[in-house]
Amino acid sequence: MSYGIHLIRFVDGEPVPVSETAIREVLGPVTVGGMPASGLPESWDLEAEDGGASEVYGGTEGLTFNRFSTGAVLDRTAELARRTGAVVLPQDGPAILGDEADRKHLAEPLRADAIVVPSAALTGQTVSHVINPQPEEPRRPLLPDFPYHPNPVATGSVTASDEACVCCGQKRGWVYTGPVYAADAPSTGICPYCIAFGTAAERYGASFTDTVDGDAPRDVVLTILERTPGFFAWQSPYWLTHCGDGAVFLGRAGAGELKAYPSAVEYLRRQWPSGQADGLLDSLDKDGRPTAYLFRCRVCDVHLAHADFT
Ligand SMILES: [Zn+2]
Ligand SMILES: [Zn+2]
């Protein structure tokens, strides 16, 4: 991609210098020829372990990354922004803030459109999603990374759309079509990026899954409830956990599909009265009702499922 990205820290609308040490430590390891013994070069080239590259100009008062690759180089850019509190300012996109509280510090023309990506979520991949590179066929940008729901298009929770997102106002190419739990949230029209970045959850007080079943750390539960596309179920859907972590949702499954997942069948049978288990199992239909919801443990890889019954 041939975009440029600026990294600038703002205080009260004015650029302020960032730590030279941070720049040296984050970019030094991927600087071609290494950093000078002290100070920063006037301009320099980056080459990362994955072969990605970028030209860098500027200094502590602001850096420009030109002709950068996605991947490791962009990860370094994001890391530097996290460490220095700088704003990521893509040439053709909105400023990316690490904290809503910093919006007031931005240069005035940038304030209205800036989007907030909580620092912990600010990675190279996030930046490239915001920049929205012109993709090849199909002409849809990459979806955000959802560790607990890795393919929401396949499960039917995200679908292609040319409409602007009701939350961020941008045309992201995709729209979330699963459930939204909130008193005053729009039930449709939220883009998956606003889910991934936590923007929709924060703005509407919304979650996208009703319940997480079992024990998982608080941050995992919040990630599943607030930053992961949910799915519709005939009965109120819930998210399974295993090995102390949220499980990965793989989609709906009927009796036929479940044959490939004996551990999921075992898991279902344990929840059913033993005399009825065979009949219940046979009645499951991927596209009908009742259906099973298939998960995989992120830790031990075992498959799990729950099913609805009318
Ligand atoms: Zn959005
Ligand atoms: Zn497990």
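**Group meeting talk: two zinc sites and a cavity**

Let me start with one glutamate. E226 is partly exposed, because its relative accessibility is 31%, between the 20% and 50% limits. E226 sits in helix α7, which covers residues 218-227. What does E226 touch, leaving aside residues up to four places away in sequence? The answer is I195, A201, A206 and F208. Now look from E226 towards C297. The two are 71 residues apart along the chain, and their C-alpha atoms are separated by 20 Å. Keep C297 in mind; we will come back to that cysteine.

Now the overall picture. Please remember that this is a predicted model. The protein has 310 residues, and 48% of them count as buried. There are 10 helices and 17 strands. Along the principal axes, the C-alpha atoms fill a box of roughly 75 × 40 × 40 Å. What about contacts? Take those with a separation of 6 or more in sequence: residues 24 or more positions apart account for 56% of them.

On to the metals. I begin with the zinc ion called ligand 1. Which residues hold it? Four cysteines do: C165, C168, C191 and C194, each through its SG atom. The distances run from 2.3 to 2.4 Å. Along the chain, the donors follow the spacing C-x2-C-x22-C-x2-C. Why is the arrangement around ligand 1 tetrahedral? The 4 donor atoms subtend angles of 103 to 116°, and that makes it tetrahedral. For reference, the ideal angle for four tetrahedral donors is 109.5 degrees. Among these donors, C191 and C194 are both buried.

Next, the zinc ion called ligand 2. Here C297 returns. The donors are H242 through ND1, and C243, C297 and C300 through SG. Their distances to the zinc ion are 2.0 to 2.3 Å. In sequence, the donor residues read H-C-x53-C-x2-C. The angles between the 4 donor atoms are 103 to 113°, so this arrangement is tetrahedral as well.

Are H242 and C243 buried or exposed? Neither label fits. H242 has a relative accessible area of 24%, so it is partly exposed. C243 is partly exposed too, with 46%.

Now to the other end of the sequence, and to empty space. How many cavities of 30 Å³ or more does the structure hold? There is 1. The largest cavity contains about 40 Å³ of space. Its lining is made up of L7, I8, V18, I23, G59, T60, G62, L63, L80, T84 and A86. Which elements each supply at least two lining residues? They are β1 (4-11), β5 (62-66) and α2 (72-84). As for chemistry, the lining divides into 7 nonpolar residues, 4 polar ones and no charged ones.

One more residue belongs to this part of the talk. N66 lies in strand β5. N66 counts as partly exposed because its relative accessibility is 25%. Compare its position with that of F232. N66 and F232 are 166 residues apart in sequence, and 43 Å apart from C-alpha to C-alpha.

To wrap up, here are three things to find on the screen. Find ligand 1, with its four cysteine donors. Find ligand 2, with one histidine and three cysteines. Then find the cavity, lined in part by β1, β5 and α2.

How values were computed
Residues are numbered from 1 along each chain as its sequence is written. Chains are lettered from A and ligands numbered from 1 in the order in which they are written. This is a predicted model: local features need pLDDT of at least 70, side-chain atom pairs count only at pLDDT 80 or more; totals for chains, interfaces and linings use all residues. Side-chain values use heavy atoms; hydrogens and water are left out. On a 1 Å grid over the protein atoms alone, a cavity is a set of points where a 1.4 Å probe fits but cannot get out, and a pocket is an open set with protein on both sides within 12 Å along at least five of seven lines; lining residues have an atom within 4 Å of a point. Grid points are joined across faces, edges and corners, and a volume is the space filled by probe spheres set on the points. Helices (H or I, at least four residues) and strands (E, at least two) are DSSP runs, numbered from the N terminus. Ala, Val, Leu, Ile, Met, Phe, Trp, Tyr, Cys and Pro count as nonpolar, Asp, Glu, Lys and Arg as charged, and the others, Gly among them, as polar. Donors are N, O and S atoms within 2.8 Å of the metal (3.2 Å for Na, K and Ca); water is not among the atoms, so sites may look incomplete. Four donors count as tetrahedral if all angles lie between 85 and 135 degrees; four count as square planar and six as octahedral if opposite donors are over 155 degrees apart and all others between 65 and 115; anything else is irregular. Buried means under 20% relative accessible area, exposed over 50%, partly exposed in between (1.4 Å probe, protein chains only). Contact means heavy atoms within 4.5 Å.
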